[in-house]
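Here's a quick briefing to read with the structure open next to you. Helix packing comes up to start with, then the chain as a whole, then a few loop residues.

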Amino acid sequence: MLRCGQMILGEALLCRHLGRDWRWATDQKQREDYISILNAFIDKKDSYYSIHQIAQMGVGEGKPIGQWYGPNTVAQVLKKLAVFDTWSRLVVHVAMDNTVVIEEIKRLCMPWLDAAGACAEAAGVSELNGCLEGACALAEEETALWRPLVLLIPLRLGLSDINEAYIETLKQCFMLPQSLGVIGGKPNSAHYFIGYVGEELIYLDPHTTQLAVEPCDDGQVPDDTYHCQHPPCRMHICELDPSIAAGFFCKTEDEFDDWCMRIRRLSCKKGGLPMFELVDSQPSHMVSIDTLNLTPDFSDSDRLERFFDSEDEEFEILSL
């Protein structure tokens, strides 16, 4: 699951820096941005998203090194690590309680709007030459910026098996232009799902051991093992463990607004249940944003053993 987390974030970084249309070609000198992305995942302690960093950050989430991760734990760890990646300037948001709050996300992706508003209020909206005074002043073009969003939504789509009522909705999520795929798996095996054909999911399997990669003297990275040398694997969708995390990437505010529109259309379609709820503002029954994104206490060693994920207690089971 740690490697699956790297995969879904790697896809987000490719979309962020190279665009969704970019394709890798063997024996070709690669762009500098691409090399920088690879270096972020090199198996060294000082790489932003190395296996070392993910494992160490997981300790703070209640997962000792060597213990299995579930999709939610990986999502929480990636969120914390992205803060240190000043080059990508990503906002990694983990939507808990099966609820995506639009207002919350826009506040995270455009924090300077809140800052500007607070400064204006503190200064009594005093202006000088049409601009806010002192350190509160923000350039007009800066206030329009949107920090690229990686939205991860941990979900529980059943008890021990996936509820068939969610299958059609899950398929439709793969078809959204903002989709990063799904991390999850089947009992005892984590996979990164990137699409579907008929009733089969297409996935990448991280269980093949590769030799560690070292950058060359010229800065290039021998990257063949970072890419599929054979067709992806397939499995029947009913074999999917119900504990998953769906990922989406929105580089601009327009892309996020488009995603919201598509999700609302999807929830109105017949033939499947919505996997999560999309709301404009935080419902009154939900706690604050900081509390929402905390991982629960995993110290209870007496709870029932799970097939795949040990994070069931934070999910609300959706039913017909």
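Helices H1 and H2 cross in a right-handed sense. This is a predicted model, so treat what follows as a reading of that prediction. The helix pair comes up again in the bullets, along with a second pair, H5 and H9, which also crosses right-handed.

**H1 against H2**

- H1 covers residues 2-17 and H2 covers residues 32-39; the two pack at about 160°, with 10 Å between their axes.
- Angles over 145 degrees count as roughly antiparallel, and that is therefore the label for H1 and H2.
- On the H1 side, the residues that meet H2 are Leu13, Leu14 and His17, and their partners in H2 are Asp33, Tyr34 and Ile37.
- Sorted by class, that H1-H2 contact has four nonpolar residues, one polar and one charged.

**H5 against H9**

- How are two packed helices described? The angle between their axes and the distance between the axes do the job.
- For H5 (residues 102-109) and H9 (residues 253-268), those values are about 165° and 12 Å.
- H5 and H9 are therefore roughly antiparallel to each other.
- H5 brings Ile102, Ile105 and Lys106 to the contact, while H9 brings Glu253, Phe256, Asp257, Cys260 and Arg264.
- The class count for H5 with H9 is four nonpolar, no polar and four charged residues.

**The buried side of H5**

- Which residues of H5 are buried? They are Ile102, Glu104, Ile105 and Cys109.
- These buried residues span an arc of only 160° around the axis, which puts them on the same side of H5.
- As background, an α-helix has 3.6 residues a turn, so residues three or four places apart point the same way.

**The chain as a whole**

- The secondary structure adds up to ten helices and eleven strands.
- The chain has 320 residues, and 46% of them are buried.
- Take the contacts in the chain with a separation of 6 or more: 72% of them are between residues 24 or more positions apart.

**Two positive phi values**

- Most residues other than glycine have a negative phi.
- Arg89 is not a glycine, yet its phi is positive, at about 55°.
- You'll find Arg89 in the loop between helix H4 (71-82) and strand E1 (91-94).
- Is Arg89 buried or partly exposed? Its relative accessibility is 34%, so Arg89 counts as partly exposed.
- Asn98 is another residue other than glycine with a positive phi, in its case near 55°.
- Asn98 sits in the loop between E1 and strand E2 (99-101).
- With a relative accessibility of 5%, Asn98 counts as buried, because the cut-off for buried is under 20%.

**Asp223 and its contacts**

- Where does Asp223 lie? Look in the loop between strand E8 (200-204) and strand E9 (233-236).
- Asp223 has 8% relative accessibility and so counts as buried.
- Setting aside neighbours within four places in sequence, Asp223 is in contact with Trp24, Gln30, Tyr34 and Leu38.
- One of these, Tyr34, is also among the H2 residues that meet H1.
- Trp24 is 199 residues from Asp223 along the chain, and their C-alpha atoms are separated by 9.9 Å.

Methods. Residues are numbered from 1 along each chain as its sequence is written. This is a predicted model: local features need pLDDT of at least 70, side-chain atom pairs count only at pLDDT 80 or more; totals for chains, interfaces and linings use all residues. Side-chain values use heavy atoms; hydrogens and water are left out. Axes are lines fitted to C-alpha atoms, for helices over the stretch in contact, and angles run from 0 to 180 degrees between N-to-C directions. Helices (H or I, at least four residues) and strands (E, at least two) are DSSP runs, numbered from the N terminus. Angles under 35 degrees count as roughly parallel, over 145 as roughly antiparallel, 65 to 115 as roughly perpendicular and the rest as oblique. A crossing is left-handed if the near helix is turned anticlockwise from the far one by less than a right angle, and right-handed if clockwise. Contact means heavy atoms within 4.5 Å. Ala, Val, Leu, Ile, Met, Phe, Trp, Tyr, Cys and Pro count as nonpolar, Asp, Glu, Lys and Arg as charged, and the others, Gly among them, as polar. Buried means under 20% relative accessible area, exposed over 50%, partly exposed in between (1.4 Å probe, protein chains only). The arc is that of the directions from the helix axis to the C-beta atoms.
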